[in-house]
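Work through these exercises with the model open beside you. Try each task before you read its solution.

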Amino acid sequence: RNSGRLGGLNPENGSANDSKNLRVKLVLLGDSGVGKSCIVLRFVRGQFDPTSKVTIGASFLSQTIALQDSTTVKFEIWDTAGQERYAALAPLYYRGAAVAVVVYDITSPESFAKAQYWVKELQKHGSPGMIMALVGNKADLQEKREVSAQDGMEYAEKNGMFFIETSAKTADNINQLFEEIAKRLPRPPAS
Ligand code: GDP
């Protein structure tokens with residue numbers, strides 16, 4: 001079942017959140033190489049192109065999705081652009097973010113350990129009430145898997161996070177990741 005529709009709905013959709021149109025800042029965190037940029041590219045452009053490494057830098061990419069209740073959610077997606085190497089800068093980057101997506105690579109236990117480090121950082125320094133998702137990416141590489149889905153799920157559950165395994169390469173669960181986040185956003189009261 002494919003609930004949400006993707007599309008460039010109202011790309012510049014006013015400034016304020018109202019009950020039908022939400023706008024949220026989303027940050028991606030995780031080890032370099034786990035596929036953060038590829039996840040964003042897959043979601044925003046519907047492409048997987050490992051050769052075009054986008055460096056988003058100081059800016060962000062945005063994408064709007066429509067939910068079945070006709071709410072639209074505009075994600076302003078901030079990639080770390082390498083800032084994961086400078087832990088001291090991280091709070092500047094995730095400050096004000098309503099959503100944090102922590103990514104690891106299912107073939108890399110080191111990246112799973114790093115994801116847990118980021119979760120602890122966010123628990124200490126993130127916005128209160130931040131929605132956090134744990135993403136095991138590269139799920140297409142089953143034969144090289146070294147982190148079980150069970151381990152990811154249990155860790156996420158213990159930390160009040162939403163968990164999903166994705167593949168930016170095959171597009172598996174990429175839209176679902178953002179749809180599930182959208183469903184969990186607090187709705188402002190209808191006016
Ligand atoms: P980032 O440093 O976290 O932004 O990682 P990138 O998005 O640059 O991806 C790092 C490498 O992983 C690239 O060579 C991608 O082609 C590869 N990659 C990303 N996502 C996937 C995936 O879902 N499956 C596979 N097999 N490779 C992926």
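**Exercise 1. Two helices that meet**

At roughly what angle do the axes of helix H1 (residues 36-45) and helix H5 (residues 174-184) cross, and within what distance do they come?

Solution. Start with the ground rules. This is a predicted model, in which local features need pLDDT of at least 70 and side-chain atom pairs count only at pLDDT 80 or more, while totals for chains, interfaces and linings use all residues. Residues are numbered from 1 along each chain as its sequence is written. Helices (H or I, at least four residues) and strands (E, at least two) are DSSP runs, numbered from the N terminus.

Step 1: Two packed helices are described by the angle between their axes and the distance between the axes. Axes are lines fitted to C-alpha atoms, for helices over the stretch in contact, and angles run from 0 to 180 degrees between N-to-C directions.

Step 2: The axes of H1 and H5 cross at roughly 85° and come within 9 Å. H1 is therefore roughly perpendicular to H5 (65 to 115 degrees; under 35 is roughly parallel, over 145 roughly antiparallel, the rest oblique).

Step 3: List the residues that meet. H1 brings Ile 39, Arg 42 and Phe 43, and H5 brings Ile 174, Asn 175 and Phe 178. Contact here asks for C-beta atoms, placed from the backbone, within 7 Å. By class, this contact has four nonpolar, one polar and one charged residues. Ala, Val, Leu, Ile, Met, Phe, Trp, Tyr, Cys and Pro count as nonpolar, Asp, Glu, Lys and Arg as charged, and the others, Gly among them, as polar.

**Exercise 2. The cover over H5**

Find the buried residues of H5 and what covers them.

Solution. Step 1: Apply the cut-offs. A residue is buried if 20 or more other C-beta atoms lie within 10 Å of its own, exposed if 12 or fewer, and partly exposed in between; C-beta atoms are placed from the backbone.

Step 2: In H5 the buried residues are Ile 174, Leu 177, Phe 178, Glu 179, Ile 181 and Ala 182.

Step 3: Their cover includes H1, S3, S4, strand S5 (99-105), S6 and strand S7 (162-165).

**Exercise 3. The two sides of H3**

Check the span of helix H3 (residues 109-125), then sort its residues by side.

Solution. Step 1: The expected span is 1.5 Å times one less than the number of residues. For the 17 residues of H3 that gives 24 Å, and the end C-alpha atoms are 24 Å apart, so the two agree.

Step 2: Ser 111, Phe 112, Lys 114, Ala 115, Trp 118, Val 119 and Leu 122 are the buried residues of H3. They cover an arc of only 160° around the axis, so they lie on the same side of H3. The arc is that of the directions from the helix axis to the C-beta atoms.

Step 3: The face turned away from the buried side carries the exposed residues Glu 110, Ala 113, Lys 120, Gln 123 and Lys 124.

**Exercise 4. Two positive phi angles**

Is Ser 70 buried or exposed? Is Lys 138 buried or exposed?

Solution. Step 1: Most residues other than glycine have a negative phi. Ser 70 is not a glycine, yet its phi is positive, about 70°. Lys 138 is not a glycine either, and its phi is positive at about 70°.

Step 2: Ser 70 sits in the loop between strand S3 (61-66) and strand S4 (72-78). Lys 138 sits in the loop between strand S6 (131-137) and H4.

Step 3: Ser 70 is exposed, because it has 8 C-beta neighbours inside 10 Å. Lys 138 is buried, because 25 other C-beta atoms lie within 10 Å.

Note on methods:
Two residues are in contact if their C-beta atoms, placed from the backbone, lie within 7 Å.
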